[in-house]
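User: I have a model to go through, and I would like short answers. Let us start with the backbone and then turn to the core.

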Amino acid sequence: MNIEEFRTYCLSLPAVTEELPFGPDYLVFKVGGKIFALCSLNSTFFKVNLKHDVEKNTDLREEYEEVEPGYHMNKKHWNTVNFEGKLSDNFLKDLIKHSYEKVIQGLSKKKKQELLL
């Protein structure tokens with residue numbers, strides 16, 4: 001999956017916003033004002049930080065060499081995923097969707113209602 005496909009998929013999810021809050025070098029996708037995906041626009045490899053279940057992060061990191069502890073993120077909750085590796089587009093979409101859903105789970109009931117989620 002390339003960066004344009006990644007961007008298109010993220011924006012296809014309900015109530016997602018695209019921002020550059022850390023300057024022009026970092027693309028961020030949010031739902032309800034909370035980050036669920038971010039990537040550098042200037043790195044050599046296309047890697048994305050995604051949130052995942054704390055209980056499953058170790059398994060993902062052991063099973064897939066493309067999944068590492070989140071770079072510059074809370075490594076307990078975040079993974080950095082190499083999108084140029086051997087992982088299928090469907091698997092990458094599943095990881096993105098899971099991150100999106102994890103963030104939605106943490107939103108207040110009021111915020112979910114505002115976003116119609």
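User: Where is alanine 15 placed?

Analyst: This is a predicted model, where local features need pLDDT of at least 70, side-chain atom pairs count only at pLDDT 80 or more, and totals for chains, interfaces and linings use all residues. Residues are numbered from 1 along each chain as its sequence is written, and side-chain values use heavy atoms, with hydrogens and water left out. Helices (H or I, at least four residues) and strands (E, at least two) are DSSP runs, numbered from the N terminus. Alanine 15 sits in the loop between α1 and β1 (16-19).

User: What is phi of alanine 15 near?

Analyst: Most residues other than glycine have a negative phi. Alanine 15 is not glycine, yet its phi is positive, near 65°.

User: Is histidine 72 buried or exposed?

Analyst: Buried means under 20% relative accessible area, exposed over 50%, partly exposed in between (1.4 Å probe, protein chains only). Histidine 72 lies in the loop between β5 (67-69) and β6 (78-82). Its relative accessibility is 65%, so histidine 72 counts as exposed.

User: Which element gives the most residues to the largest nonpolar core?

Analyst: A nonpolar core is a set of buried Ala, Val, Leu, Ile, Met, Phe, Trp, Tyr and Cys residues joined through side-chain atoms within 4.5 Å. The largest one has 27 residues, and Phe6, Phe36, Phe83 and Ile96 touch the most other members. Elements giving two or more residues include α1 (3-12), β3 (34-40) and α3 (89-105). The top contributor, with 6 residues, is α3.
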